[in-house]
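Could you walk me through this structure in my viewer, one selection at a time? I would like to know what to pick next and what I will find there.

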Amino acid sequence: LFDLKATSYARHLFLSIPNPDLFLFNVLIKGFSNAHSISLYTHLRKCTHLKPDNFTYAFAIASASTLSDEKVGILLHQHAVVDGYGSDLFVGTAVVDFYLKNWRIDLARKVFDKMPVRDTVSWNSMISGLVRNCCFDDAVWVFERMLNDGGIPLDSTTVAAILPALAELQELTLGMEVQCLAIKLGFHSYVHVLTGFISLYSKCGDIEAAKLLFGEIRRPDLVSYNAMISGYTSNGESECSVRLFKQLLGSGEKVNSSTIVGLIPVFHPFGYLSLTDCIHGFCVKSGILSQPSVSTALTTVYSRLNEIKSARLLFDESFEKTPASWNAMISGYTQNGLTEAAISLFQEMQRSKVSPNPVTVTSILSACAQLGALSLGKWVHSLVKSKNFESNIYVSTALIDMYAKCGGISEARELFDLIVGKNVVTWNAMISGYGLHGQGQDALKLFSEMSHSGVTPNGVTFLSLLYACSHAGLVEEGEKIFQSMIHDYHYKPLPEHYACMVDILGRAGQLEKALKFIKEMPVEPGAAEWGALLGACVIHKDKKIARVASEKLFELDPESVGYYVLLSNLYSVERNYRLAASVRQNVKKRKLAKTPGCTLIEIGETPHVFTSGDQSHPQASAIYAMLEKLIRKMKEAGFQTEIDTALHDVEEEEKELMINVHSEKLAIAFGLIATDPGTEIRIFKNLRVCVDCHTATKFISKITERVIVVRDANRFHHFKDGLCSCGDYW
């Protein structure tokens, strides 16, 4: 009856039985596995003299896992404890599974650890549940505990459950050890185990080994085909995945949503827009587009291809919007820098009564970090607490990143210190945060702690450290980190690492050494390295090396307007207005557009955005009056407007007026009007803060006795008593 989903008939038949016994109740509670099960459980307790047993509670709690409200399952758990089944193996396993399905990892761990007896099934539930929650390190730790326990036999499900965690962690060596164990225990030839190893080798980049394993399966089932198709796609071999997909169709096998999701080039989308469109068309014709996983994967790939309109259209037309669908679209907006759209969609998700999960929270915190939306970030933090997501390492790491990028480096560190079992991403977020705030020594100290903790640094770690050294003027330390990365950790530097090293030398005024470093690179230097050198030349007004760098840049990246602006500014500072005009004319001829500067300030929970010379704000008159008052007081204190980089073909007085209405000055003036005396002002600029605004903000902080925190495109500046935390080194 349950296979035929004839639940109403089964229920009717059950109710026609005069005195059903407990066994029959249990059969139906297990069979329904939904809200009907809970109503039967309630009927059992309230309308009969029967008492629930351990099977009743296990089946009812399992059914509660399918409901949107976790309170039902928590209440059932409480009933089980009161009735004396809190220590029962069968009930305990169901409770662990329930909490893991509801993202309550902390409660699942407590229940699991307190179970007096644990069998293979309970261990498997814990491992697979942690994997579902993306707690891969924890899953491996539990697996190792199970092995060390000695008395618990592993089965093929145990092996299959741990493999996705190893794949996500890129732990191929450990995966090979598990493979040896599977061979020893006789599980290796099982189709579902071989399929797990195909996924492991594919995700670790060894597609040849995956192909060999696929060849070992005499009669591959659809799941095996799906794993191999996905393996090809995730390794950038979409042509092979399409060929295997066609072979699968030719065999008469009916594909499912997992097949299509594996075929969609989510991980290597670039260059495959036409393939994505073809897959999209196939899904429409076959009717498989109605499957949420398929529409979500297509939304993801369109977002990654910057086809954001196509992604949104697909999202809007989705028949069923699952949390994963919302997450894909929110994440798509965030990754494309459309942070306001991401936040707006998150708010729409809230209004739609769709409960956010840790993935949603991670994406929206990333949007808050990009935008500098601290008030929303704090609200999301309160949501994290209410949902008990704090134990999720990805959520806690996203919170650290958000606070650091919104100016709250001390709050970020407090959260960091509370985390148990930090992974490399967590360490990287905190090191990067210190770098962003110019606290290079703190970043280096934290790296030392990381090294002693046993967590292996990756490319992002070294990039964050080099960045921190660059913005703190730590040349010798930066050189040591770079050499250690190559010789001690055997990490091959990427263009970003070389560019950071050029930046370290260049910012410190060692331009000749920076140029020599570029020329001696073992790989061909690109726009990143030459761009860093040009930026340093502008800071130190070196026209000779700037010319060398700009010639290379205009050859490598002729469409990037930023390099033209840097060169033009250098000529303007040197008062070589003819060459500055020539560079600007070249920009016009190429029809290149400079990103307009804008500055955001939050007052309460309301964001206010200003552009240069902005007159659109409702309080524009008061803002300009405050700015005029500030400039008068600043000049009395010795401030002189830096006008060298302004357009050379306007009068000196007009140059001064142009610079005085830069977006950051307007935002600060508004902050002084809209906040109480003594309150800290935080603003966020999308471009690097100019010399004049930097100097002006130092004067304003002293005149007004305010702490002013500015985040620009490069770093944070903390202004207090006429000084900046960057030491004028940015």
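Begin with the sheet of this predicted model. Its 6 strands form an open sheet with mixed pairing, in the order β2-β1-β3-β4-β5-β6. Colour β2 (606-611) and β6 next: these two stand at the edges with a single partner strand each, so one side of each is left without a neighbour in the sheet.

**Stop 1: the β2 edge**

Select residues 598-603, which are strand β1, and show them together with β2. The two strands pair in the antiparallel sense over 6 bridges. For a landmark, pick leucine 600 and look across to β2, where valine 609 stands opposite. Now bring in helix α39, residues 691-704. This helix packs on the sheet and touches β4, β5 and β6. Its direction makes about 35° with that of β5.

**Stop 2: two hairpins towards the other edge**

Select residues 708-711 (β4) and 716-720 (β5). They run antiparallel, joined by 4 bridges, and form a hairpin with 4 residues between them. Which residue of β5 is the bridge partner of valine 710? Click on histidine 717 to see that partner.

Keep β5 on screen and add β6, residues 723-724. This pair is antiparallel too, with 2 bridges. Phenylalanine 719 stands opposite cysteine 724 in β6. β5 and β6 also form a hairpin, here with 2 residues between them. In that turn, check the backbone of aspartate 721: its phi is positive, at about 55°. While the strands are in view, a general point may help: in a regular strand the side chains alternate between the two faces of the sheet.

**Stop 3: helices α6, α7 and α8**

Move to residues 89-101 (α6) and 105-114 (α7). Their axes lie 8 Å apart, and the helices pack at an angle of about 165°. That makes α6 roughly antiparallel to α7, as the angle is over 145 degrees. The crossing is left-handed. To see the contact, show Gly92, Val95, Val96, Tyr99 and Leu100 of α6 with Ile105, Leu107, Ala108, Val111 and Phe112 of α7. By class, this contact of α6 with α7 holds 9 nonpolar residues, 1 polar and no charged.

Now hide α7 and add α8, residues 120-132. The axes of α6 and α8 come within 9 Å and cross at roughly 5°, which makes α6 roughly parallel to α8. From α6, select Leu89, Thr93, Val96, Asp97, Leu100 and Lys101; from α8, select Val121, Ser122, Ser125, Met126, Gly129, Leu130 and Arg132. The contact of α6 with α8 has 6 nonpolar, 4 polar and 3 charged residues.

**Stop 4: the annotated repeats**

An unreviewed UniProt entry carries the annotation "repeat: PPR" for residues 119-153, 221-255, 322-356 and 423-457. Select 322-356: the span is 74% helix and 0% strand, and its end C-alpha atoms lie 10 Å apart. Then try 423-457, where the end C-alpha atoms also lie 10 Å apart and the span is 77% helix and 0% strand.

Finish with helices α26 (residues 424-436) and α27 (residues 440-453). They pack at about 165° with their axes 8 Å apart, and are therefore roughly antiparallel to each other. Their crossing is right-handed. Show Val424, Trp427, Asn428, Met430, Ile431 and Tyr434 in α26, which meet Asp442, Ala443, Leu446, Phe447, Glu449, Met450 and Ser453 in α27. The contact of α26 with α27 divides into 9 nonpolar, 2 polar and 2 charged residues.

How values were computed: Residues are numbered from 1 along each chain as its sequence is written. This is a predicted model: local features need pLDDT of at least 70, side-chain atom pairs count only at pLDDT 80 or more; totals for chains, interfaces and linings use all residues. Side-chain values use heavy atoms; hydrogens and water are left out. UniProt positions are given in the numbering used here, feature names are shortened, and annotations may be inferred rather than shown by experiment. Two strands pair if DSSP finds at least two bridges between them. Axes are lines fitted to C-alpha atoms, for helices over the stretch in contact, and angles run from 0 to 180 degrees between N-to-C directions. Angles under 35 degrees count as roughly parallel, over 145 as roughly antiparallel, 65 to 115 as roughly perpendicular and the rest as oblique. A crossing is left-handed if the near helix is turned anticlockwise from the far one by less than a right angle, and right-handed if clockwise. Contact means heavy atoms within 4.5 Å. Ala, Val, Leu, Ile, Met, Phe, Trp, Tyr, Cys and Pro count as nonpolar, Asp, Glu, Lys and Arg as charged, and the others, Gly among them, as polar.
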